[in-house]
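Visitor: Could you take me closely through the aromatic ring pairs of this model, one pair after another, with the geometry and the surroundings of each?

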Amino acid sequence: MKVLKEITVWEVEHRQPNHTYLLSGDKVVAYKKWHEGEAEVFKKPMRFDRARRKFTELKYVATEWGVEEEQKNIVVVEGSKGNTYEVDLDEEKCNCPGHTYRGHCKHIDLAKSRVALAAA
Ligand SMILES: [Zn+2]
């Protein structure tokens, strides 16, 4: 099982809500509307179309109290075209196209400086 949180930045004319999906293999078995509240379980697993969409995998850890979402060190920064990107400071990854193609981008440095400022 995999939990994928959709973080697609939709173009204004195609805007739609992003949800969190529970996958078994390549089929969706449940989803959580708007990443919140109770998950809705499908009677039949559904095909999952990931084309042109972006997801971040949520990891869960077992604790004394049950299962909890593993907290990641994610900072959201604005790109130059008004988009927002999620920078994972633990893995030094960003979900912008530049990072996907080149493996580095300015958002990571921006996120680090934000954190440094906030901590100062
Ligand atoms: Zn970036």
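Guide: In this predicted model, the count of aromatic pairs, with ring centres required to lie within 6.5 Å, comes to five. Take Tyr 21 and Phe 55, whose ring centres are 6.3 Å apart and whose planes stand at 75°, so that the pair is edge-to-face, since planes over 60 degrees apart are counted that way. Tyr 21 belongs to strand S2 (residues 20-24) and Phe 55 to strand S5 (residues 55-58), so this contact ties together parts that are 34 residues apart in sequence. Both partners can be placed by their relative accessible area, for which buried means under 20%: Tyr 21, at 11%, is buried, and Phe 55, at 17%, is buried as well.

The pair of Tyr 31 and Phe 42 has its ring centres 5.6 Å apart and its planes at 10°, so it is stacked, the limit for that label being planes under 30 degrees apart. Here Tyr 31 comes from strand S3 (residues 27-32) and Phe 42 from strand S4 (residues 40-47), and the pair therefore ties together parts that are 11 residues apart in sequence. With regard to exposure, Tyr 31 is buried, with a relative accessible area of 15%, whereas Phe 42, with 21%, is partly exposed.

Taken as a network, the ring pairs link Tyr 21, Tyr 31, Phe 42, Phe 48 and Phe 55 into a cluster, so the edge-to-face contact of Tyr 21 with Phe 55 and the stacked contact of Tyr 31 with Phe 42 both involve members of that cluster.

How values were computed. Residues are numbered from 1 along each chain as its sequence is written. This is a predicted model: local features need pLDDT of at least 70, side-chain atom pairs count only at pLDDT 80 or more; totals for chains, interfaces and linings use all residues. Side-chain values use heavy atoms; hydrogens and water are left out. Rings of Phe, Tyr and Trp (its six-membered ring) pair if their centres lie within 6.5 Å; planes under 30 degrees apart count as stacked, over 60 as edge-to-face and the rest as tilted. Helices (H or I, at least four residues) and strands (E, at least two) are DSSP runs, numbered from the N terminus. Buried means under 20% relative accessible area, exposed over 50%, partly exposed in between (1.4 Å probe, protein chains only).
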